[in-house]
Amino acid sequence: MNLKAGLWQQQTMKLAMTQELTQAIALLQYSTQELSSFLENKALENPLLKVESGHVQTMDPRYDRVKPTRKKVEKDKINWIEQIGSGKTMLLDEYLKSQLHFNLNAIEKKVIERLIESLDENGYFRAELNAIASSFRISAEDAERMLEIIQELEPAGVGARNLQECLSLQLKRMPERNELAEAIMNEYFTLFAEKKWKEIAKQLGVELKDIQEVFDLVQTLNPRPASSFQSEKSAYITPDVIIKWDGKSFSVSVFDEVLPKISFNNDYYKRFSAAGDRNVSRFLQEKQQDYHWIVRSIEQRKETLSNVTLKIVEKQQDFFIKGPAYLKPMTMKEISDELDIHESTVSRAVREKYAQTPYGTYELRSFFSSTIKTTSDENTSSQQVKTIISKMIEGENKQKPLSDQELVKLLKEKEGMVVSRRTIAKYRDQLGIPSSSKRKRYD
């Protein structure tokens, strides 16, 4: 093959992603807080951009206090064995130190204070005991003794290194000691948690109902002994859009009062443009273009958000009139096709945006759900399927709980919904519902 050097013309099409376009895309997906931070940072580098922070009344009825849903509370109740967090609260520190009426020398007092500071917000000891012993030049046995002092304090279970030790400490504090419960907790904790009760019953020579009683007792214990000392602050979400229904028609408005107000610094521009310096003029021109781009981008963001929300309301009218139970399956592609924009634009527009509706504040993303086929060739949403699964399990015979395969059959026969066993398992996990073997009771 002979290659000849030469010049020739070739026509090609290429889409250039300019810096301005890239920033416009980023601006669209910014949450209200992110956009506010962006504008404040821009004001630091652009003297022509004046920013005045937005003001919000905290008791404005347009803001919704975010509370844990019943499902979330129930999920935490079911899965408390796994709900061990991290972090520390000073209230717990003070409470524990106030109980230290032991005869302690200066070193012991410092070690105990360090151990208390190493507790997380649930009251668990999360540090390396040997490392603390070394730092104070004491033996590991002495450090263990200091930790045991903390474990004798209130609340019961505080200072435990893991869930097993936490529950064991609480069982030992009970007015009436339960030897079977303590034995299971100390020697068969993993089997007990995995509900392999038949094996435990065989080894201990007890009946399954006895282990069921131990399980019920353990459920009354607190897996997070210091949780009551947490100072839980209510989270408030400022809606990006307000959706209202007056009984006849809908109104949709973009709520941007919390955003900083921006304006052009005309005094600065006039003062320095009068100098006649070429470099200064070029700088002012760049910053003026930057200002106008920001103004256009914010308006574009507002328009896109408004259009997407209007289309959501149009397709989910039953939800906004009758309530959350009437949410229909809807994809972002449906919205993008009808608005003649790219699906990614819809995704960016709803990212971390919230809507105040007649039924509370909802994340805009929550109005999009996957579609489940039915035997009548109609569609239903995954959320509806989850609701039905929850009700079925709630009403099941606890001695013979419904398996995932039985749920598949019931959904098809009673609700006309075609759902695979794997999907059932996924939805059940998302709802925080254990498998049938772990839901079974023996009394």
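Buried means under 20% relative accessible area, exposed means over 50%, and partly exposed lies in between. The exercises below apply this to a predicted model.

**Exercise 1.** Decide whether F250 is buried, exposed or partly exposed.

*Solution.* Step one: take the relative accessibility of F250, which is 24%. Step two: set this against the limits of 20% and 50%. F250 therefore counts as partly exposed.

**Exercise 2.** Classify the ring pair formed by F38 and W293.

*Solution.* Start with the number of aromatic pairs in the structure, which is 16. For F38 and W293, the ring centres are 6.5 Å apart and the planes stand at 80 degrees. Planes over 60 degrees apart count as edge-to-face, so this pair is edge-to-face. Next, place the two residues: F38 belongs to helix 2 (residues 32-45) and W293 to helix 14 (residues 278-315). With these positions 255 residues apart, the pair links distant parts of the chain. Last, check accessibility: F38 is buried at 15%, and W293 is buried at 3%.

**Exercise 3.** Classify the ring pair formed by W245 and F250, and find the cluster that holds W245 and F250.

*Solution.* The ring centres of W245 and F250 lie 4.5 Å apart, with the planes at 40 degrees. An angle that is neither under 30 nor over 60 degrees counts as tilted, so the pair is tilted. W245 has a relative accessible area of 28% and is partly exposed. Ring pairs join W245 and F250 with F319, F320, Y362 and F367 in a cluster.

**Exercise 4.** State which ring lies under the charged end of K195.

*Solution.* The ring is that of F215, and the charged end of K195 sits over it, 5.0 Å from the ring centre.

How values were computed
Residues numbered from 1 in each chain as written. Predicted model: local features only at pLDDT ≥ 70, side-chain atom pairs only at ≥ 80, totals over all residues. Heavy atoms only, no water. Phe/Tyr/Trp six-rings, centres within 6.5 Å; stacked < 30°, edge-to-face > 60°. Helix = DSSP H or I, 4+ residues; strand = E, 2+ residues; numbered from the N terminus. Buried < 20%, exposed > 50% of the residue type's maximum accessible area, 1.4 Å probe, protein only. Lys NZ or Arg CZ within 6 Å of the ring centre and 35° of its normal.
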